[in-house]
Amino acid sequence: MAAMAAAMDEIIDISSRLGIDPSTIDLDSIVLPEGENMGIISDDEMIREEDNMEFDSGFDCIIVVDNIPEVPKEKFDKLENVIRKIYSQIGVIKDDGLWMPVDNNGRTLGYCFIEFNTPQEAQLAKEKTTGYKLDRSHIFVVNMFEDFEKFMKVPDEWAPPEKEEYKPGENLQHWLTDEKARDQFVIRAGSDTEVLWNDARHLKPDPVYKRAFWTESYVQWSPLGTYLATLHRQGAAVWGGASSFNRLMRYAHPQVKFIDFSNGENYLVTYSSHEPSNPRDTHRVVLNIFDVRTGKLMRDFKGSADEFAVGGSGGVAGVTWPVFKWGGGKDDKYFARIGKNLISVYETETFALVDKKSLKIDSVMDFTWSPADPILALFVPELGGGNQPARVSLIQIPSKQELRQKNLFSVSDCKMYWQSNGEYLAVKVDRYTKTKKSTYTGFELFRIKERDIPIEVLELENKNDKIIAFAWEPKGHRFAIIHGDSPKPDISFYTMRSGHSAGRVTKLTTLKGKQANALFWSPAGRFIILAGLKGFNGQLEFYNVDELETMATAEHFMATDIEWDPTGRYVATAVTSVHEMENGFNIWSFNGKLLYRILKDHFFQFSWRPRPPTLLSPEKEEEIAKNLKKYSKKYEAEDQDVSTLLSEQERERRRALKEEWENWVQRWNKIHEEERLERQQLRDGEASDEEEEYEAKEVEVEEVINVTEEIVSFEYGQ
């Protein structure tokens with residue numbers, strides 16, 4: 001490229017200008033301080049890995065713009081302002097971060113150096129302005145500053161690359177092949193993060209991997225359980241493998257606060273928020289979307305927190321998390337975010353807006369994707385003082401065709417709940433009464449898979465009942481509602497199917513006066529936990545919805561979290577460090593039997609490792625269900641063997657305790673005998689150690705505590 005050689009002559013000068021020590025120009029000599037590895041303490045294996053890695057040179061925020069006009073010093077300021085205006089629209093240029101070299105006469109040399117705040121901004125500037133046409137004669141050629149070293153090392157003659165021996169990657173689904181069909185979970189307590197098997201047969205957790213200071217905030221499984229993500233000052237990282245949990249990829253994002261995976265775990269969204277230097281400014285927000293496998297930055301989004309806080313509040317600086325919601329099923333084909341009067345839908349093939357424009361919807365408040373299909377459900381409140389009704393709409397993507405719309409009147413609030421298969425959508429609508437002094441709640445139930453998407457209206461028998469919780473049965477047709485007033489609300493179960501009234505929602509039963517404020521369906525359906533958290537102190541009721549009967553009641557005092565394992569066989573209840581006492585977790589069977597309890601000081605997090613969808617066909621699953629007794633014989637025998645082993649271990653433990661007690665008694669009897677003479681002397685020669693040979697007498701002793709004399713005067717006759 002033009003002026004390349006001249007640019008290299010200026011490297012030392014520009015390094016000093018930008019505050020970079022010129023002695024570090026030799027890129028081969030640059031190393032990171034020991035242990036500076038995404039905030040993770042390195043062990044020997046990771047140190048060996050770092051030896052073979054290419055570290056950042058320190059120049060990744062700088063770009064070189066070539067083929068700019070060569071102008072005399074009289075026009076220098078004007079050209080500098082033009083260049084600054086172009087690149088300030090892409091990112092923040094550092095103070096003294098724009099420099100154009102000149103010759104002895106003050107004439108520019110046709111190139112300049114620009115330093116941004118972040119490598120992402122520099123990379124984006126390169127991508128957006130390479131080929132930028134300033135005028136007919138000046139078309140920009142942009143390169144990363146750190147690429148110069150690479151360009152200078154290109155050999156004059158081509159040589160074929162060395163053939164590398166193929167090394168198969170580690171099986172990231174190896175944990176699914178466990179012979180005991182166990183599930184894993186991760187916990188954080190104190191500075192330690194541990195991955196463990198749930199060994200319910202042996203009534204204890206089985207350690208897999210443990211590491212101190214593995215993350216600086218929290219850990220998160222990917223949706224299919226392939227990766228475990230950690231957060232650090234420099235960015236995020238994902239880990240996986242059979243048992244060693246090697247680091248698979250890093251994602252540079254300084255001061256990352258939140259992360260979120262796409263549904264098919266193809267992409268990772270990272271988020272950071274930076275305090276403004278000027279109190280009048282707003283929080284600056286940065287969101288990056290990375291390809292999980294390659295670590296490539298696919299797209300970034302920057303702006304103020306206000307731009308990402310439409311439709312709710314939470315997270316940092318009022319930003320609703322997650323900012324992006326993923327749609328299109330497990331293919332991760334679309335993602336969307338809500339803005340002011342619009343919903344922006346992007347497709348992941350180009351990471352651009354679908355049809356290059358957003359959906360413009362006045363005053364849109366909320367939206368959610370169908371779990372199975374590229375369908376958006378959105379809510380728009382009443383407008384114009386009630387002249388324009390509120391509405392819920394279903395929008396097909398990418399056509400943006402409206403599939404169904406329902407107008408709603410006198411609405412104060414609205415919440416949308418998809419069933420996990422995308423077959424049904426429940427819309428909880430809070431409406432004002434005629435006096436506008438109170439509200440009541442009803443449900444609009446959409447049957448998505450049926451022709452013309454029919455809608456049913458469900459109102460409770462007592463319209464004034466407060467709705468405390470709502471939950472669909474996973475992969476099923478039933479749902480549960482907690483309604484009424486605390487401390488003992490009612491719980492009602494409904495079905496979207498009915499043998500004698502097809503296509504009509506039907507109530508199955510109502511449980512009166514339950515101490516519950518949360519619902520937790522088993523992932524396999526059929527069973528549900530009616531939980532009383534917070535003010536109800538951890539009341540648990542394990543309920544069989546098929547039989548409409550309670551299987552067990554229990555309590556985990558002060559429980560803060562409840563989570564089913566992905567198979568629906570076991571459930572964990574936990575007390576995190578929100579409370580100071582009895583931190584730890586309990587593991588229960590699906591029918592409410594307490595299997596084991598683990599106490600952990602400073603307990604922060606419990607999370608089951610998700611499982612990917614089964615590879616079995618529905619026909620094969622049905623066949624297994626029909627022949628379950630045949631399959632279960634093998635496992636019943638194994639369970640019996642384990643039960644026998646546990647019984648033997650328990651007997652051995654009791655025998656050891658008894659032996660320990662007998663040894664203790666013998667030791668003290670020996671000491672007692674050795675001290676007999678000393679006791680006899682203390683008893684004035686009495687030799688007996690038998691208590692019944694002594695007579696106990698009670699002796700009362702009177703003692704004058706105080707004497708007070710007082711002269712009392714009185715008159716006779718009074």
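Does Arg526 count as buried, partly exposed or exposed, and what is its relative accessibility? In this predicted model, Arg526 comes out at 35% relative accessibility, so it counts as partly exposed, since buried means under 20% and exposed over 50%. You'll find Arg526 in the loop between strand 35 (518–521) and strand 36 (527–532). Its backbone is worth a look too: Arg526 isn't a glycine, yet its phi is positive, about 75°.

Why point that out? Most residues other than glycine have a negative phi, and most peptide bonds are trans. Lys400 is another case, with a positive phi near 65°. Lys400 sits in the loop between strand 25 and strand 26, and at 18% relative accessibility it counts as buried.

That loop, between strand 25 (390–396) and strand 26 (401–408), also holds Pro398. The peptide bond leading into Pro398 from Ile397 is cis, with omega near 15°. A cis bond also joins Trp321 to Pro322, here with omega near 0°. Pro322 lies in the loop between strand 17 (297–304) and strand 18 (325–327).

Now over to helix 4. Its 13 residues, 76–88, should span 18 Å at 1.5 Å a residue, and the end C-alpha atoms are indeed 18 Å apart. Phe76, Leu79, Glu80, Ile83, Ile86 and Tyr87 are buried in this helix. They cover an arc of only 130° around the axis, so they lie on the same side of helix 4. Those buried residues pack against several elements, including strand 1 (62–66), strand 2 (93–99) and helix 5 (119–129). Turn to the face pointing away from the buried side and you meet the exposed residues Asp77, Lys78, Asn81 and Lys85.

Notes. Residues numbered from 1 in each chain as written. Predicted model: local features only at pLDDT ≥ 70, side-chain atom pairs only at ≥ 80, totals over all residues. Heavy atoms only, no water. Helix = DSSP H or I, 4+ residues; strand = E, 2+ residues; numbered from the N terminus. Expected span 1.5 Å × (residues − 1). Buried < 20%, exposed > 50% of the residue type's maximum accessible area, 1.4 Å probe, protein only. Arc of directions from axis to C-beta. Contact = heavy atoms within 4.5 Å.
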